Amino acid sequence: MDMPHDAVLLRIFTSVDDRYELTPLYIAIVEKAREMNMAGATVLRGPLGYGHSTRLHKGHLFPLTQDLPVVVEIVDSEDKIDAFLPVLDGMMESGLVTLEKAKVLQYGRQRSGLLRRLKDQLAGHPSAPGPA
């Protein structure tokens with residue numbers, strides 16, 4: 001684990017039906033975030049929701065008429081989020097955007113001594129426990 005650092009969580013509430021040009025808005029947002037080297041983005045699809053219009057966004061019997069709520073979350077530094085907001089403003093026609101401060105704890109797949117412990121286990125040698 002890295003040391004916690006300050007970040008901003010950008011949360012974008014929209015719908016599967018919303019578009020940016022011909023592309024679904026949530027896909028266009030993630031592609032633009034990647035293009036701008038944002039730390040990462042996640043799309044969450046909900047089964048039911050409503051917004052300012054109070055119209056229910058929900059699934060339907062026929063998949064072509066799906067109008068499910070979608071949330072795109074992006075966590076990055078305040079500077080990078082601030083640079084992304086004008087771009088997002090040009091992409092969105094409707095929806096809701098929230099910003100909140102976040103503390104980020106980042107875990108990676110690379111752990112000190114992992115390869116050594118795996119080799120020891122395969123060879124039948126118990127490895128000493130690492131620092132806690």
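**View 1. Overall fold of the protein chain.** In this predicted model, the protein chain holds 3 helices and 8 strands, where helices (H or I, at least four residues) and strands (E, at least two) are DSSP runs numbered from the N terminus. Read from the N terminus, the elements follow the order β-β-β-α-β-β-β-β-α-β-α. Residues are numbered from 1 along each chain as its sequence is written, side-chain values use heavy atoms, and hydrogens and water are left out. Because the model is predicted, local features need pLDDT of at least 70 and side-chain atom pairs count only at pLDDT 80 or more, whereas totals for chains, interfaces and linings use all residues. Of the 132 residues in the protein chain, 25% are buried, a term that means under 20% relative accessible area, with exposed meaning over 50% and partly exposed lying in between (1.4 Å probe, protein chains only). Among contacts with a separation of 6 or more, 71% join residues 24 or more positions apart, a contact being heavy atoms within 4.5 Å.

**View 2. The open sheet of 4 strands.** The strands of this open sheet have the order 4-7-1-8, with antiparallel pairing; two strands pair if DSSP finds at least two bridges between them. Strand 4 (41–45) and strand 8 are the edge strands, each pairing on one side only, and the twist averages 20° from one strand to the next. Angles run from 0 to 180 degrees between N-to-C directions, with axes fitted as lines to C-alpha atoms, for helices over the stretch in contact. Strand 1 (residues 5–15) pairs with strand 8 (residues 96–104) over 9 bridges, and there Asp6 stands opposite Lys103. Strand 1 also pairs in the antiparallel sense with strand 7 (residues 69–76), over 8 bridges.

**View 3. Helix 1 and its buried face.** Helix 1 (residues 25–35) packs on the sheet, where it touches strand 1, strand 4 and strand 7, and its direction makes about 10° with that of strand 7. Its buried residues are Leu25, Tyr26, Ala28, Ile29 and Ala33. Seen down the axis of helix 1, these buried residues fall within an arc of 160°, so they line one face of the helix; the arc is that of the directions from the helix axis to the C-beta atoms. The buried residues of helix 1 pack against several elements, including strand 2 (19–20), strand 3 (23–24) and helix 2. On the other side of helix 1, Arg34 and Glu35 are exposed, and the helix is followed by Asn37, whose phi is positive, near 60°.

**View 4. Helix 2 across the strands.** Helix 2 (residues 78–91) lies across strand 1, strand 7 and strand 8, and runs at about 20° to strand 1.

**View 5. The surroundings of Thr14.** Thr14 is found in strand 1, and its bridge partner in strand 7 is Val70. Thr14 is buried, with a relative accessible area of 10%. The side chain of Thr14 makes a polar contact with the side chain of Asp18 (2.6 Å); such a contact is a pair of N or O atoms within 3.5 Å, of which, within protein, one must be able to donate a hydrogen and the other to accept it, and residues adjacent in sequence count only if both atoms are side-chain atoms. Leaving aside neighbours within four places in sequence, Thr14 is in contact with Leu25, Leu68, Pro69, Val70 and Ser94.
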